[in-house]
Amino acid sequence: MYTDEMLESMKKVAANRNSNAAMEPRRMTAEEKDNLLAAFHPDYKKSEFAELKMGPNKGEKVPIELASLLQGKSRIENYPVDLSSPDYDADVLIIGGGGAGSSAAIEAHGAGAKVVMVTKLRIGDANTMMAEGGIQAADKPNDSPAQHYLDAFGGGHFAAKPELLKKLVTEAPDAILWLNHLGVEFDKAPDGTMITTHGGGTSRKRMHAAKDYSGAEIMRTLRDEVLNRGIPVIDFTAAIELILDETGKAAGAVLLNMETKEIKIARAKTVVIATGGAGRLHYQGFPTSNHYGATADGLVLAYRAGAKLLYPDTLQYHPTGAAFPEQIYGALVTEKVRSLGAKLINRDGEVFMHPLETRDVSAASIIRECGERNKGLTTPGGKGLWLDTPMIELKNGEGTIEKRIPAMMRMFGKYGIDIRKEPILVYPTLHYQNGGIDISADCMSAVPNLFVAGEAVGGIHGRNRLMGNSLLDIIVFGRSAGLSAAAASKNASTGKLSLEHVKRFAEERKAAGIADPEISPRLLPSYSHGNPRAGNVLK
Ligand code: MEZ
């Protein structure tokens, strides 16, 4: 299965393992990091960005694929939609069935609101389900939310919106308690204290985990809670346009049944967008760790309705996507593998960086090692280098891998790779959208009564996110969006439903001279013709 080059290189990795495991690689200086990012991080590749010609972020650069969707043609542009007799009526309409949407639904329901959730796949088909390594919270005696803030603010290049980051870190301990009470099976020591580890860029061990399927465990618990409460979940139903009222407030959504293609109307006093990320747009041709529905839909809907985006030009490439075998190309290899002691090793068996630099720095360093330095190995998808997993048991003792990262052991084991004995090949994979819809601390966007939570939000993490702060933000901001929306719905009445903003957007697009616009939101990725960057599967 392995190529000769891989087998030769593996011998060098094994020969150097003991000395590599014992060494402490130095951290890069701030200047080294800045230079590295500018030269090798995909966010700096100017040719991959396009300037928006219209909408609230006109004049700003975003990834080419996103520009095409944001300036796209509505699915209902030439399609008469009857708003006169809505199919669903809610106080709070939640768009998205992942961790943020579910947390919002639970809290809004708890506050007495009539909640309806719509999701284009099924509840739980979301990036939350695929998160592995853990969730951060400063709840140990040697730690504090202030310390958590400093780590995340620095890691995000001092660009996070202070009020959002403050909310994230101060509400984190309560988020963990909330999940624990709901039934999440966190890893605990025999005395009941939670086991915590480091992530890249953290100064304290504050990563709480459920082995290496933390997201699946959290999503399982949230989904049970939504269903046990009897909250209506309309699945296989995508929101394809927001509905506003005559004063410009969010008032519902036009829905598309993904199976029958029927159009339905949801009227609501408030709307929460929790549609997640964009990995399935495969920016710059990268593979992705994201779930099938991650196509930036919420950004498109909100943009058309007048909401501004913050940092839509910054993406996270997780340093360690699987680079081999081909069947799992791009799948997430959790950062917890490095937290437990595995180091990144080049073709010559050399450690070339500290394993727990922040993600953007780590990804850029791997790209440089495989590219300019030509110290990577050829894989079916391109290049890769080693993550020396056997080091974990050298450092922590036999049995650690099976106990702490069983999902990784299983994922590679399916292909005959025993990660306790052999290193694995990795390369950066598109993982997270750092930017998104701009919100205030109560989760409201620039469109009144339109709330946003989870990966669709921009600005919580600045221009780079630390591991475990995303599972945290879906809980903190999901809960908050649910509570804010429920409170706002008490004073809101549904006015006359309107899609005038969609018409106006079409006129603006024509005036901007955008020819042959793509239909958006994309809803599902297209893998036709072997080109994941091309096309729109649902016309
Ligand atoms: O926060 C994340 O993205 C995360 C926990 C990923 C991982 O490496 O496991």
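# A walk through the model

Start by selecting I437, which stands opposite V457 in β21. What you have open is a predicted model, and this pair of residues is a handy way in.

**The sheet around I437**

Now widen the selection to residues 436-438, which make up strand β19. Strand β19 and β21 run in the parallel sense, paired over two bridges. Add β13 to the picture and you have an open sheet of three strands, ordered β13-β19-β21, with mixed pairing. To find its edges, pick β13 at 309-310 and β21 at 457-458; each of these pairs on one side only. If sheets are new to you, their strands pair through backbone hydrogen bonds, in either a parallel or an antiparallel way.

**Next stop: another open sheet**

Select T196 and H208 together: H208, in β8, is the bridge partner of T196. Colour residues 207-208 to show strand β8, which pairs with β7 over two bridges, this time in the antiparallel sense. Bring in β6 too, and an open sheet of three strands appears in the order β6-β8-β7, with antiparallel pairing. β6 (135-136) and β7 (196-197) each have a single partner strand and stand at the edges, so one side of each has no neighbour in the sheet.

**On to the ligand**

Which residues surround the ligand? Select E132, G133, G134, H318, L332, T334, E335, R359, H431, R465, M467 and G468, and you have the ones around it. Sorted by class, this shell holds two nonpolar, six polar and four charged residues.

Zoom in on some contacts, one residue at a time:

- Pick H318: an N or O atom of its side chain is 2.8 Å from an oxygen atom of the ligand.
- Pick R359: a polar atom in its side chain lies 2.8 Å from a ligand oxygen.
- Pick G468: here a backbone N or O atom is the one that lies 2.8 Å from an oxygen atom of the ligand.

How much of the ligand's accessible area does the protein cover? On its own the ligand has 270 Å² of accessible area, and the protein covers 98% of that. Hide the ligand and look at the space it took up: that is the largest cavity.

**Last stops: a few backbone oddities**

Most peptide bonds are trans, and most residues other than glycine have a negative phi. The places below go the other way.

Go to F324 and P325, which are joined by a cis peptide bond with omega at about 0 degrees. P325 sits in the loop between β14 (315-322) and α11 (336-339).

Then jump to S520 and P521, where the peptide bond is also cis, with omega near 5 degrees. You will find P521 in the segment after β23 (519-520).

Finish at A296. Phi of A296 is near 60 degrees, a positive value in a residue that is not glycine. Look for A296 in the loop between β12 (263-273) and α10 (297-304).

Technical notes: Residues numbered from 1 in each chain as written. Predicted model: local features only at pLDDT ≥ 70, side-chain atom pairs only at ≥ 80, totals over all residues. Heavy atoms only, no water. Pairing = 2+ DSSP bridges. Helix = DSSP H or I, 4+ residues; strand = E, 2+ residues; numbered from the N terminus. Near = heavy atom within 4 Å. Polar contact = N/O pair within 3.5 Å; in protein donor to acceptor, adjacent residues only side chain to side chain. Areas by Shrake-Rupley, 256 points an atom, 1.4 Å probe, with all protein chains shown as cover. 1 Å grid on protein atoms, 1.4 Å probe; cavity = no way out; pocket = protein on both sides within 12 Å on 5 of 7 lines; lining within 4 Å. Sits in = over half its atoms within 2 Å of the grid points. Nonpolar A, V, L, I, M, F, W, Y, C, P; charged D, E, K, R; others polar.
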